[in-house]
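Morning, everyone. I'll take one structure today and walk through its helices and its sheet. Please have it on your screens.

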Amino acid sequence: MDIETQSALLAAIVCLAIAISIQIRGRRTRLTLYFSVLNAVLSAWNLTGFLYQVSEQEIWFRLGLLAALAIPWSATRFFQAFLAESSRLASGMALSSTVVSVLLLPLVLSPLYSAPAVSIIILFYVFVLLYLCMYMIYRRLRLTESRIEGARLGYLVIGGLVAITFSLTDFLPKIDILFPTVGNVLTLIFVFFLNQILIQFRLLDLTEFFGKIVVLALLVSVLAAVYGVLVLLAGDQPGILFFASIVGSFVVLILHDPLRIAVEAAIARYSVRERFDLVKALTKLRREMANALELAPMVQLVLDRFENSRRLTHAALFLLDDDAQSYKCLGSVGPQRVSSCDVLAKRELFEALRKGRWLVREDIEDDLHELGGIGEPAEENSGAAIERLETFLRAMDELGAGVLFPIASDQLLIGFLAVDDARVREAFTQDELNALQQVAQQIAIAVENSRLVEKLRERDRLAALGEMAAGLAHEIRNPLSAIKGAAQLLESGAEAEEAKDFLNVIVEETNRLNNVVAQFLDYARPSRSKASSLDLNHCIEHTLQVLRQRAEEAEVELETELCDALPPVRGESEQLTQVFLNLAINAIEAMSESELKVLRIRSLLAQRREQALGGTILREVVEARFEDTGRGMSAEELHSIFIPFYTTKPTGTGLGLPICQRIVRSFGGSLEAHSEVGNGSSFSVVLPVWGEESITGTGMRRLPNKTQ
């Protein structure tokens, strides 16, 4: 067999392998389908050509003409989808390829198929459409603004023109004297180039492509040598030859992966040095982060390494804040675009990040082009998909990101990494994307480690504080008891009125100090209450019974509005009553100088957004709300009210609200405060529902407003 015949068989096998491999990789789109069809058609054309040359049977010649008629149709549709082209030229080429193929089909099926004119017409039709496909790429090249993308499209046009031209010379008479018959080989190289583009979802540059060609050639040479040596040693004995073939196959399979990795690494060191250095730097960064226990130094380390790599023009690290409402930017390389991202505003983007790997701008743009259609009817849900992808692009523009990498822990998106190289389009190779994703995963581990260390430190600090407070309290309490006893004895025996006044002060002050110590012990002591199912309304009504006398003395009107159908909550009656009394008394005291004195106590069922493993969810909670018409609080006061020993009262200890907050938190709830100067304050005790009970109604009942 001559070179042309052998290359036809090689092209048939390789094109068929590419058609199958592109479909089993998992990313099945209209573009990959058209590419598989094009390769299958090229495989059929080359296979029929090979069979006709070795057997000279006319059936293979006719089947080859049928395969040739399908080449323009499949090629125009592939390149139209590849470029997301919807111009008149592209639509006209798609329509004409269908019409001409249908018109020429009767000639191939008729006895006239063997006439030289038929072959010339079909040959002319095939190559004219292929050249027009290259012209369509050239038009896109002229419109592109990116220098890098323009160079890559230029490689694509030149490679396609060379492959098509040399394939054409294989069919011209006596021209093989001037040009070697290498059309099939060049076509294979061009198809392999397209295959690599679809695998990596971006245009390759020339250096990267030839690097892959060298890798493939070296692998084939080494593995063929191994297989050839084993077969050569077996000789012409069929049994030994079969055994050697099996052994050779095992050797080839064992050596394939390590050889590929070693050869790719060697090629990368010499041909793609800058990218190899980035992957190497990111690998070193992951090792450095392995021992990171502090969040701030870890963030600074990551950003410094990104900046030193000189491969990133922008990078920013975002982490979920404590209330799980937004992602805060902890630092950036280049200009900081935004300081925070609201979780709900970009919920779909963060959900896509949580479920997938990374998000690449160019991939989103390609999906948009594909969903935009190429003259074919759009799917019913394509409108929603297009809107969703456009939302992703707007968010990435806002973040200044070319790629977003999720930082996830236990299926929860705790942050994300935004990177970009604005100098080029499709700036990162697959290896670089994998390395950056591994850095993001290491960041997630470092964040969890830092939080664990912080919890341990806080626990140790609180434990030490508790021990110190307990010892200090006992050391103070004992002499206070002695002072109080002595003062009481002096009071009983004193005759002078002035002495009695001083002794009264001593007794009052010791009582106050004793109260401070008792409250401090309550705050420092671990909670010993056990939560159980509790009727919140019953607890509020018990509080009202204790509170009415004090409200009457302060001339405060009590308004109550309780929801009839509240589910039971987690809590403990005595401690919640203590919380409610504290909040109510604070409200009454805050209204001492107000003209309108109204304390409104409400219970209601509400819904709160919480961050769960699957994302943000709505959870039912029960709320007890205390609203007064007092002087209100400034923003600074509101920020400090839960800090121990902070108080605005002349005789306050500053421990009442911190103790209330601690009690509520022990039941899995929260104590929330809202206030505005001159418009009063509102305190809400929010408690989780006990079990899975759900509310069945929203009836309200009103209790007596004021004891007459």
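**Helices and sheet, piece by piece**

Let's start with helix H3, residues 58–83. It has 26 residues and reaches 38 Å from first C-alpha to last, close to the 38 Å expected at 1.5 Å a residue. Keep in mind that this is a predicted model.

Where does H3 bend? At Ala 70, by about 25 degrees. A proline, Pro 72, follows within four residues. Then look just after H3: Ala 84 takes a positive phi of about 50 degrees.

Now the partner, helix H2, residues 30–55. The axes of H2 and H3 come within 8 Å and cross at roughly 160 degrees. Angles over 145 count as roughly antiparallel, and H2 and H3 are therefore roughly antiparallel to each other. H2 passes H3 in a left-handed crossing.

On to the sheet. It is open, with 6 strands. The order reads S3-S2-S1-S6-S5-S4, and the pairing is antiparallel. Which strands stand at the edges? Strand S3, residues 340–342, and strand S4, residues 359–360. Each has a single partner strand, so one side of each is left without a neighbour in the sheet.

Stay with S4 for a moment. It runs antiparallel to strand S5, residues 403–409, and 2 bridges join them. Take Leu 359: its bridge partner in S5 is Leu 404.

What packs on this sheet? Helix H12, residues 347–355, does, touching S2, S3, S4, S5 and S6. The direction of H12 makes about 95 degrees with that of S6. Helix H11, residues 295–309, lies across strand S1 (314–320), strand S2 (326–333) and strand S6 (412–420). H11 runs at about 50 degrees to S2.

Last stop, another helix pair. Find helix H17, residues 536–553, and helix H18, residues 573–590. Their axes come within 9 Å and cross at roughly 40 degrees. What does that make them? H17 and H18 are therefore oblique to each other. H17 passes H18 in a right-handed crossing.

Who makes the contact? From H17, the residues include Leu 536, Ile 540, Thr 543, Val 546, Leu 547 and Arg 550. From H18, they include Leu 576, Phe 580, Leu 581, Ala 584, Ile 585, Ile 588 and Glu 589.

To recap the two pairs: H2 passes H3 left-handed, and H17 passes H18 right-handed. Thanks, that's my tour.

Technical notes
Residues are numbered from 1 along each chain as its sequence is written. This is a predicted model: local features need pLDDT of at least 70, side-chain atom pairs count only at pLDDT 80 or more; totals for chains, interfaces and linings use all residues. Side-chain values use heavy atoms; hydrogens and water are left out. The expected span of a helix is 1.5 Å times one less than its number of residues. The bend at a residue is the angle between axes fitted to the seven residues ending there and the seven starting there. Two strands pair if DSSP finds at least two bridges between them. Contact means heavy atoms within 4.5 Å. Axes are lines fitted to C-alpha atoms, for helices over the stretch in contact, and angles run from 0 to 180 degrees between N-to-C directions. Angles under 35 degrees count as roughly parallel, over 145 as roughly antiparallel, 65 to 115 as roughly perpendicular and the rest as oblique. A crossing is left-handed if the near helix is turned anticlockwise from the far one by less than a right angle, and right-handed if clockwise.
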